[in-house]
Structures are given as C-alpha cells and as structure tokens.
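Me: Please take a close look at a single part of this model, the contacts with DNA, and describe it in one connected answer. I would like the distances, the residues concerned and the cut-offs behind the terms.

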Number of protein chains: 2
Amino acid sequence: MATDERILDLAERLVQTRGFNGFSYADIAASLGVTKASLHYHFPAKAELGRSLIVRYESNFLAALAAIKAQGAVQRLKRYAGIYADVLRDGRMCLCGMLAAEYATLPKAMQKELKHFFEENERWLAQVLEEGRRSGELEFAGAPREVASFLVSSLEGAMMLARSHDQVSRFTSVARRLIEELST
Amino acid sequence: MATDERILDLAERLVQTRGFNGFSYADIAASLGVTKASLHYHFPAKAELGRSLIVRYESNFLAALAAIKAQGAVQRLKRYAGIYADVLRDGRMCLCGMLAAEYATLPKAMQKELKHFFEENERWLAQVLEEGRRSGELEFAGAPREVASFLVSSLEGAMMLARSHDQVSRFTSVARRLIEELST
DNA sequence: GTCTATAGGTGGATAGAC
DNA sequence: GTCTATCCACCTATAGAC
C-alpha cells in the first residue's frame with residue numbers, strides 16, 4: 001500500500017483513540033518502522049496531516065452513506081447508526097466527534113474541514129428524514145435539518161460515553177431509542 | 001481567595017475549553033502571575049491537579065442538583081438541562097464531557113473519578129425519571145437508568161457540537177426536544 | 001509559599017547525505 | 001523516500017535559596 005495511506009491509517013486510529021493532541025509523529029514512526037523525518041516528507045506539518053485526515057474520512061463516510069440503498073427511511077437510519085456502531089466496536093470514536101471536542105485547539109484549516117463534515121453529514125440525514133416523513137414512515141416535529149442535528153449530536157455523545165465506559169450497549173441502546181421515537 | 005482554589009478555577013476553565021492535554025502549568029502560571037514551580041507546591045503533579053478538578057466539579061454539580069427543588073419532574077429536567085446551558089453560554093464544555101473524549105490518555109485516578117461523576121449524575125436523573133413516571137407526568141419505555149444514560153449522552157454530545165459550531169441554539173433545541181419527548 | 005535555576009524528556013520541524 | 005543529526009520550543013517536575 002502507498003506510504004501516504006499507511007500513515008493516514010495509523011494517524012486516523014491514533015486520533016480516534018487518543019485525540020489530535022494525544023499523539024505525535026513519533027507514535028506513527030514507531031508503528032510504521034521509519035523515522036520521524038520520513039513522515040515529514042509525506043506530511044510536512046502536523047496540521048496538514050490532520051486536514052488530510054478529515055478530508056479522507058469525510059470522503060469515505062459520504063461514500064458509505066451513498067451506498068445505503070435500503071428500502072425505507074427507518075432501515076436507512078438503522079444502517080446509518082450501524083456505521084457508528086461498527087467504528088465503536090473497533091474501540092474507536094468517530095474521528096470528527098473526537099476532533100469536535102478538541103475544536104478550540106485545532107488549526108484553522110482543520111476547523112473548517114470539520115464543519116464541512118458535519119454539514120454534509122446532516123444534509124444526508126435531513127434528506128432521509130424528509131423523505132421518510134413525506135411517505136408517512138417517520139413522524140417528527142420541526143424541520144428535518146433540526147432533527148438531523150439532534151441525531152448527530154446524540155449519536156456522537158453516546159459514542160463518546162460508550163467508549164469511555166467500554167460498553168457498546170450504551171451506544172446501541174441510544175441509537176435504538178432515537179430511531180424508535182421517529183418511527184410511526 | 002485561597003490560592004488552591006484560584007488554581008483550580010483557572011485549570012477548570014482551561015480543561016473545559018482546551019482539554020486536559022491542551023493546557024500546561026505555564027498557562028495557569030501566566031494567568032495567576034506566579035511561576036510554574038509555585039504551582040507544583042499546591043499540586044505536585046498534573047495528574048493530581050486533574051483528579052482534584054473532577055472531585056470538586058462533581059461536588060459542585062451534585063450540590064446544584066440537590067438545590068433543584070422544582071415542583072414537577074418536567075421542571076426539574078428543565079432546570080437540569082439549564083445547568084448545562086449556562087456552562088455552554090460561558091463558552092465552556094462540561095468538564096467531564098471534555099475529559100470523556102480524552103479518556104484513553106488520562107491517568108488511572110482521573111478515569112476512576114470520571115466514572116464516578118457519571119454514575120452519580122445518572123443516579124440523580126434516574127430518580128427524577130422514576131418519580132415522574134410514577135406520578136404520570138412522564139412517559140417512557142424501559143428502565144429509568146437507561147433513559148438517564150440516554151439523556152446524559154445526548155446532552156453532552158449536543159453541548160460538544162454546539163460549542164464547536166458556536167451556536168448555543170444547537171444545544172437548547174436538543175434539550176427541548178428530549179424533554180418534550182418524555183412529557184405526557 | 002514563592003522564587004531561580006535546572007534537569008530530563010518530548011514536541012514538531014529542517015538540513016543535507018545517501 | 002529514507003536516513004542521521006540537529007534545532008529550538010515546550011513540557012512536567014525537582015532542588016534549594018529566600
């Protein structure tokens with residue numbers, strides 16, 4: 001595999017488990033078996049590595065959403081929550097949920113990409129919600145966009161607490177409850 | 001005011017805005033107008049400072065909960081969410097929500113105190129939920145304890161995203177929705 | 001309690017050889 | 001692309017004078 005990708009893979013896991021301020025080039029270098037200096041050839045500054053991390057993550061995430069071709073809105077929401085659950089079962093936090101906590105300390109470029117991730121994430125969700133309500137499969141008050149933001153917030157928070165308690169069930173319980181509440 | 005308390009005040013704000021790995025003794029020393037060495041007289045190690053931070057925060061938080069003498073369950077829940085909202089309006093994250101994100105990098109002693117905070121927090125909530133359901137003021141499926149964990153997760157997550165978007169309304173909207181859903 | 005001074009380590013980052 | 005060597009800033013922490 002391309003070295004750039006392997007670096008991103010290791011860095012991604014580190015951010016998801018320890019945060020952007022919780023890892024260093026030394027950590028990646030040790031796992032990869034190269035020197036820190038080599039890493040700077042691929043990603044000159046840590047800020048650039050961080051930005052690339054978000055861009056790639058968003059791209060993969062949106063591709064996963066686009067691949068959800070389930071029949072109904074409820075099924076799509078379950079698949080959506082399932083993506084989070086899979087990450088959690090691997091012992092990780094959502095990359096962007098983790099970065100949201102560290103938001104104030106992040107380089108400007110990373111903050112911008114982060115907002116974009118949530119923007120696109122909620123756009124997809126709002127679309128599913130709107131279609132589901134129109135077809136009568138879902139029921140909720142207010143704008144789809146507001147409910148989308150509600151869902152993202154709750155799932156990210158549940159993921160964070162489930163991970164620190166080492167109980168995936170804390171997440172799945174929340175996800176089930178959220179979707180049930182929207183179903184007619 | 002006692003120096004210990006002033007140090008804790010400054011450290012608390014720093015953790016709530018930048019995280020435990022996002023500040024140093026130098027930051028506190030600068031704000032307080034003393035040297036880093038002086039801080040070590042009060043809190044020999046950063047891990048001890050962090051532990052004291054959680055202990056004091058939990059103590060103040062539980063005292064605030066105990067002071068909620070509102071008439072009904074719904075009013076109590078609104079006051080509960082209001083505590084979070086006030087912190088957020090001050091530009092801060094919940095201390096323990098922030099630390100939950102950094103959980104994997106925290107000293108063992110801090111991890112233990114953190115779990116205790118959420119334990120007590122959810123215990124209080126579960127009590128309110130149970131009473132509210134018994135009196136018919138609230139309606140929900142499943143164990144009160146499970147709903148309590150759901151509420152904490154969702155509020156912490158909403159707080160985190162509201163802060164990174166610099167939109168308090170993202171939090172208040174979620175809080176309103178959660179409480180409305182429980183009301184009969 | 002607070003200071004100066006300093007230790008010992010790690011952080012991100014660069015120059016230049018291979 | 002990867003290495004050695006190195007820089008400098010910053011980190012947590014301690015010793016010992018005042």
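Reply: A backbone N or O atom of B:Lys46 lies 2.7 Å from a phosphate oxygen of DNA strand D, which is a polar contact in the sense used here (a pair of N or O atoms within 3.5 Å; within protein, one must be able to donate a hydrogen and the other to accept it, and residues adjacent in sequence count only if both atoms are side-chain atoms). The model is a predicted one, in which local features need pLDDT of at least 70 and side-chain atom pairs count only at pLDDT 80 or more, while totals for chains, interfaces and linings use all residues. Residues are numbered from 1 along each chain as its sequence is written, chains are lettered from A and ligands numbered from 1 in the order in which they are written, and side-chain values use heavy atoms, with hydrogens and water left out.

Chain B makes another backbone approach to DNA strand D, through B:Tyr25, whose polar backbone atom is 3.1 Å from a phosphate oxygen of that strand. On the chain A side, a polar backbone atom of A:Thr35 is 2.8 Å from a phosphate oxygen of DNA strand D. A:Thr35 and B:Lys46 are also among the residues that come nearest to DNA strand D, together with A:Ser38, A:His42 and B:Lys36, out of the 17 residues around it; a residue is near a strand or molecule if one of its heavy atoms lies within 4 Å of it. Of the atoms of DNA strand D that come within 4 Å of the protein, 68% belong to sugar and phosphate.

Considered by element, with helices taken as DSSP runs of H or I of at least four residues, numbered from the N terminus, the surface near DNA strand D receives at least two residues each from H3 of chain A and from helix H2 (25-32) and H3 of chain B. H3(A) gives the most to this surface, with four residues. By class, the surface holds nine nonpolar, six polar and two charged residues, where Ala, Val, Leu, Ile, Met, Phe, Trp, Tyr, Cys and Pro count as nonpolar, Asp, Glu, Lys and Arg as charged, and the others, Gly among them, as polar.

Turning to the other strand, 18 residues surround DNA strand C, and those that come nearest are A:Ser24, A:Lys46, B:Thr35, B:Ser38 and B:His42. Here sugar and phosphate make up 68% of the atoms of DNA strand C that come within 4 Å of the protein. Backbone and side-chain atoms both appear in the contacts with phosphate: a polar backbone atom of A:Lys46 is 2.6 Å from a phosphate oxygen of DNA strand C, whereas A:Ser24 brings a polar side-chain atom to 3.1 Å from a phosphate oxygen of that strand. From chain B, an N or O atom in the side chain of B:Ser38 is 2.6 Å from a phosphate oxygen of DNA strand C.

The elements that give two or more residues to the surface near DNA strand C are helix H2 (25-32) and helix H3 (36-42) of chain A, together with helix H3 (36-42) of chain B. H3(B) gives the most, with four residues, and the residues of this surface divide into nine nonpolar, seven polar and two charged. To draw the two surfaces together, H3(A) gives the most to the surface near DNA strand D, and H3(B) gives the most to the surface near DNA strand C.
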